[in-house]
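Visitor: I am new to this structure and should be grateful for a close look at one part of it, namely the place where two helices pack against each other. Please set that part within the whole before describing it.

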Amino acid sequence: MFETAAHLVEHRFPRVPVRQWVITLPKRLRYFLLRDSKLTGRVLQISLRVIERTLREYCPDAPHTAKYGGITYIHRFGSMLNAHLHFHSCLIDGVFAQTGNGLSFYKTVGITQKVIETAQETIRKRLLRLFVRRDLLSFDEAEAMQNWGNGGGFSLHARVQIAANDRKGLERLFRYCARPIVAGERLSWLEKDERLI
């Protein structure tokens, strides 16, 4: 965990702002993701496409060929070791494009909570269509889930931002995202009971 975080900060991520996007789905859909890694990959791909489009939209001076970058950690458990598959995507808060002057960075401008909610709603619509196409939900079930209040169990959180020169903050973010489900230093073996606690 520590080595991965340090490697990303020292060798992979440039000195540009980073934003963490956390993508959560309703329990009704998480069940399928726990059983099907290809479906999990497709859900992540669809979600990241929506986020990429949002990043490009809010980099007004960037050319249409601009690209985003980042890393995603798939978490499979919640804080109580309950099955809770969700995604932590640490993405550069802007886009890069090759220009006549070399590689240029364009920082996002004006990403508000309303913008994030709009992206969340787009993700919800596209993922429900995916689950219907895969025959995991009926059209009526998807329609009902589309009308659930408060995002319908879908959540897109993107308030955690790391400034371009906050390398310690970036490393802390990567450590948090890369943490194991159980801290190794808190495990012990009971010889008499032959149990791990």
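Guide: From the N terminus on, the elements of this predicted model follow the order α-β-α-α-β-β-β-β-α-α-β-α-β-β. That order comprises six helices and eight strands. The C-alpha trace spans about 70 × 50 × 25 Å along its principal axes. Of the 197 residues in the protein, 43% are buried. Among contacts with a separation of 6 or more, 71% are between residues 24 or more positions apart. The accessible surface comes to about 11,600 Å², and carbon and sulfur atoms account for 52% of that surface.

The part to examine is the packing of helix α3, residues 37-57, with helix α4, residues 113-133. Two packed helices are described by the angle between their axes and the distance between the axes. For α3 and α4 the angle is about 145°, and the axes lie 10 Å apart. The crossing of these two helices is right-handed.

Each helix brings a set of residues to this contact. From α3 come L39, R42, V43, I46, S47, V50, R53 and T54. They meet V115, A119, T122, I123, R126, L127, L130 and F131 of α4. By character, the residues of the contact of α3 with α4 divide into 10 nonpolar, three polar and three charged.

One residue of this contact, F131 in α4, leads on to the aromatic rings. The whole structure holds four aromatic pairs. A pair of aromatic rings is described by the distance of the centres and the angle of the planes. The ring centres of F32 and F131 are 6.0 Å apart and the planes stand at 55°, so this pair counts as tilted. The pair joins distant parts of the chain, since F32 belongs to helix α2, residues 27-35, and F131 to helix α4, with their positions 99 residues apart. Both F32 and F131 are buried. Together with Y31, these two residues form one aromatic cluster.

Another aromatic pair consists of F96 and F105, whose ring centres are 5.1 Å apart with planes at 50°, so this pair too is tilted. F105 has 27% relative accessibility and therefore counts as partly exposed.

Two further residues, outside the helix contact just described, show how other elements are surrounded. F174 is found in helix α6, residues 167-178. Its relative accessibility is 0%, so F174 counts as buried. Leaving aside neighbours within four places in sequence, F174 is in contact with A5, L8, V9, F13, I71, Y73 and C90. F174 and H7 are 167 residues apart in sequence, while their C-alpha atoms are 10.0 Å apart in space.

The other residue, T24, has its place in strand β1, residues 18-24. With a relative accessibility of 15%, T24 falls under the 20% limit and therefore counts as buried. Apart from neighbours within four places in sequence, T24 is in contact with R30, H84, H86, G153, F154 and S155.

To return to the part requested, α3 and α4 pack at an angle of about 145° in a right-handed crossing. F131 is one of the α4 residues in that contact, and F131 also belongs to the aromatic cluster with Y31 and F32.

Note on methods:
Residues are numbered from 1 along each chain as its sequence is written. This is a predicted model: local features need pLDDT of at least 70, side-chain atom pairs count only at pLDDT 80 or more; totals for chains, interfaces and linings use all residues. Side-chain values use heavy atoms; hydrogens and water are left out. Axes are lines fitted to C-alpha atoms, for helices over the stretch in contact, and angles run from 0 to 180 degrees between N-to-C directions. Helices (H or I, at least four residues) and strands (E, at least two) are DSSP runs, numbered from the N terminus. A crossing is left-handed if the near helix is turned anticlockwise from the far one by less than a right angle, and right-handed if clockwise. Contact means heavy atoms within 4.5 Å. Ala, Val, Leu, Ile, Met, Phe, Trp, Tyr, Cys and Pro count as nonpolar, Asp, Glu, Lys and Arg as charged, and the others, Gly among them, as polar. Rings of Phe, Tyr and Trp (its six-membered ring) pair if their centres lie within 6.5 Å; planes under 30 degrees apart count as stacked, over 60 as edge-to-face and the rest as tilted. Buried means under 20% relative accessible area, exposed over 50%, partly exposed in between (1.4 Å probe, protein chains only). Accessible areas come from the Shrake-Rupley method with a 1.4 Å probe; for residues, only the protein chains shown count as cover.
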